[in-house]
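Trainee: Could we go through this structure together, with the reasoning behind each term we use?
Mentor: Gladly; have a look at it, and then ask me about the words one by one.

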Amino acid sequence: MTGKRENNMIVQGLHISVALGLLLAPCIASAQQLDNSQIMGTLAQVRSAAPAVDVALLVEEANANVGKGVAALPNWSKLSELSQLIVEIDFENNSTAIEPKSYRTVGLIADALHHPDLFRYKFLIIGHSSATGTAKHNLELSQKRADAINEALSTTFALSPDRLFSVGAGEEWPIDPGHPESADNRRVQLINLGLLK
């Protein structure tokens, strides 16, 4: 019974998966398991040889490849080498309004990013969507949702806007490619881009 209840919590609740590059499988946990130490432990694993990422090029590549996928593109493929946290944040249907229950997760992320161990770093927020609707609409919506998370972190939670960048990937980089319309593909990725300069 406990296993079934946990599975229901995972399916119905907030999904959190930690991805460290392509070699490690994502770890899915319920909302109750997300805490600052998990976020910090994941995002603080920065390699000195991590590749530099140009956010403007990411946006350009995503816009030029609508409906074709982005994971294998030169600049997008660099992201798999960086420390990252994959989080499902619920939005109102076809909207950029963050559901109230997801503000707890945004707040936990903000708390972690205010911590001295992460305060020196800049972060990329990537919005993802499922494949319901047109690819162009999903790309635009995912960009607006990434911008909404960026705005919430920089205004409500007082993070310096200089540390935050956002880009939308739409349906172009699904976490569950076998089921492109799955809700699991609607998520936000937070990636450590390295030290502020």
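Mentor: Keep in mind that this is a predicted model; its largest cavity has a volume of about 50 Å³.

Trainee: What makes this space a cavity and not a pocket?

Mentor: A 1.4 Å probe fits inside a cavity but cannot get out, whereas a pocket is open. With 30 Å³ as the lower limit, the structure holds 1 cavity.

Trainee: Which residues line the largest cavity, and which elements give two or more residues to the lining?

Mentor: The lining consists of I89, F91, G127, H128, S142, R145, R186, R187 and V188. Strand 4 (121–128) and helix 6 (135–156) are the elements that contribute two or more residues to it. Sorted by class, the lining has 3 nonpolar, 3 polar and 3 charged residues.

Trainee: Why is strand 4 described as largely enclosed by the rest of the structure?

Mentor: A residue is called buried when its relative accessible area is under 20%. In strand 4, 7 of the 8 residues are buried, so the strand is largely enclosed by the rest of the structure.

Trainee: How do you know that strand 4 pairs with strand 5, and in what sense do they run?

Mentor: Pairing requires at least two bridges between two strands. Strand 4 and strand 5 (residues 164–170) have 6 bridges and pair in the parallel sense, with I125 standing opposite S166 in strand 5. Strand 4 is also joined to strand 6 (residues 188–195), in this case by 7 bridges and in an antiparallel manner, and here L124 stands opposite I191. Strand 4, helix 6 and strand 5 together make a β-α-β unit, which is right-handed.

Trainee: Why are the buried residues of helix 3 said to be on the same side?

Mentor: The buried residues in helix 3 (residues 55–64) are V55, L58, E61 and A62. They cover an arc of only 120 degrees around the axis, and therefore they lie on the same side of helix 3. On the other side of helix 3, A56, E60, N63 and A64 are exposed.

Trainee: What makes A158 exposed?

Mentor: The word exposed is used for a relative accessible area over 50%, and A158 has 56%, so A158 is exposed. This residue is found in the loop between helix 6 and strand 5, and it has a positive phi of about 55 degrees although it is not a glycine.

Conventions. Residues are numbered from 1 along each chain as its sequence is written. This is a predicted model: local features need pLDDT of at least 70, side-chain atom pairs count only at pLDDT 80 or more; totals for chains, interfaces and linings use all residues. Side-chain values use heavy atoms; hydrogens and water are left out. On a 1 Å grid over the protein atoms alone, a cavity is a set of points where a 1.4 Å probe fits but cannot get out, and a pocket is an open set with protein on both sides within 12 Å along at least five of seven lines; lining residues have an atom within 4 Å of a point. Grid points are joined across faces, edges and corners, and a volume is the space filled by probe spheres set on the points. Helices (H or I, at least four residues) and strands (E, at least two) are DSSP runs, numbered from the N terminus. Ala, Val, Leu, Ile, Met, Phe, Trp, Tyr, Cys and Pro count as nonpolar, Asp, Glu, Lys and Arg as charged, and the others, Gly among them, as polar. Buried means under 20% relative accessible area, exposed over 50%, partly exposed in between (1.4 Å probe, protein chains only). A crossover is right-handed if, with the strands pointing away from the viewer, the path from the first strand over the helix to the second runs clockwise. The arc is that of the directions from the helix axis to the C-beta atoms.
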